[in-house]
Amino acid sequence: MPDRTPRGVPRRPVLPRGVPAGGGDVGAMRRALEEAATAARAGDVPVGAVVVGPDGAVLGTGRNAREAASDPTAHAEVLALRAAGAALGTWRLAGCTLVVTLEPCTMCAGALVLARVDRLVLGAWDPKAGATGSVRDVVRDGRLNHRVEVVAGVLADECGRVLRDFFDARRGPLAGDPRGDTGAADTDWEPGPPNR
């Protein structure tokens with residue numbers, strides 16, 4: 001059947017499987033966790049992201065693909081924002097929410113501001129490189145032309161566990177530890193609030 005959408009009006013995107021339109025922040029985070037798992041299977045750091053429109057429809061998804069694409073900018077958030085922009089036919093994502101398993105870095109936080117995203121929902125904090133409330137707070141910097149509301153800690157334990165498990169598997173048990181402890185308690189990804 002031909003597309004009868006008037007020219008210049010973006011078509012309503014098809015909702016990816018696994019996220020009901022009314023799933024809210026938790027439903028979208030579960031979809032982001034699915035994206036993170038796919039990234040891990042591909043050898044990338046397991047971070048997943050979903051952009052949800054004002055009506056609750058999923059507009060775009062992304063997962064880290066830096067290794068797979070040999071692209072330093074192929075972060076989950078950037079790829080999800082690109083997909084959402086393509087679905088809407090505009091770079092302005094006003095009214096949208098980005099849901100991501102790990103607190104965005106400076107690059108991704110800047111992209112949220114530039115895309116005019118209204119809300120950010122994050123799982124685990126990143127105390128080393130986070131730029132939405134832990135190390136820096138780019139998205140709420142009063143000197144910029146847009147601010148993003150931040151909702152943190154959604155499925156934080158699950159999001160942190162995915163990252164810890166990924167790095168524990170890569171590192172193996174700590175050398176010289178008679179208990180064979182993997183050091184999971186010492187990992188940099190903790191689901192709690194930042195220590196500011």
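This report walks through the core, the helices and strands, and a few single residues of the predicted model above.

First, some ground rules. Residues are numbered from 1 along each chain as its sequence is written, and side-chain values use heavy atoms, with hydrogens and water left out. Because the model is predicted, local features need pLDDT of at least 70 and side-chain atom pairs count only at pLDDT 80 or more, while totals for chains, interfaces and linings use all residues.

**The core**

Let's start inside. A nonpolar core is a set of buried Ala, Val, Leu, Ile, Met, Phe, Trp, Tyr and Cys residues joined through side-chain atoms within 4.5 Å. Buried means under 20% relative accessible area, exposed means over 50%, and partly exposed is in between (1.4 Å probe, protein chains only). The largest nonpolar core has 43 residues, and the members that touch the most others are Met-29, Val-51, Leu-81, Leu-98, Leu-112 and Leu-120. Among the elements giving it two or more residues are helix 1 (24-41), strand 1 (48-52), helix 3 (76-88), strand 4 (119-124) and helix 5 (156-171). Helices (H or I, at least four residues) and strands (E, at least two) are DSSP runs, numbered from the N terminus.

**Two helices side by side**

Helix 1 and helix 5 pack at about 5°, and their axes are 11 Å apart. Axes here are lines fitted to C-alpha atoms, for helices over the stretch in contact, with angles from 0 to 180 degrees between N-to-C directions. The pair is therefore roughly parallel, a label for angles under 35 degrees. Helix 1 brings Met-29, Arg-30, Leu-33, Ala-36 and Ala-40 to the contact, and helix 5 brings Glu-158, Cys-159, Val-162 and Phe-166. Contact means heavy atoms within 4.5 Å.

Met-29 has other partners too: leaving out residues up to four places away in sequence, its contacts include Val-99, Thr-101, Val-121, Leu-155 and Cys-159.

**Strands and two buried residues**

Strand 1 and strand 2 run antiparallel and are joined by five bridges; two strands pair if DSSP finds at least two bridges between them. Ala-49, for one, is bridged to Gly-62 in strand 2. Five residues lie between the strands of this hairpin, where Gly-56 takes a positive phi near 90°.

Which residue 28 places away in sequence is 5.4 Å from Gly-48, C-alpha to C-alpha? That residue is Ala-76. Gly-48 lies in strand 1 and, at 0% relative accessibility, counts as buried. Its contacts, again without residues up to four places away in sequence, include Ala-32, Ala-36, Gly-62, Ala-76 and Thr-101.

Thr-101 sits in strand 3 (residues 97-102), and it counts as buried because its relative accessibility is 2%. Among the residues it touches, with the same sequence neighbours left out, are Met-29, Leu-33, Gly-48, Ala-124 and Cys-159.

**Helix 4 and positive phi values**

Cys-108, Ala-109, Gly-110, Leu-112 and Val-113 are buried in helix 4, and the buried residues of this helix pack against helix 3, strand 3 and strand 4. Arg-116 comes just after helix 4.

Here are two residues with positive phi that aren't glycines:

| Residue | Phi | Loop | Relative accessibility |
|---|---|---|---|
| Ser-70 | near 50° | between helix 2 and helix 3 | 66%, exposed |
| Arg-116 | about 65° | between helix 4 and strand 4 | 22%, partly exposed |

Conventions. Parallel < 35°, antiparallel > 145°, perpendicular 65-115°, else oblique.
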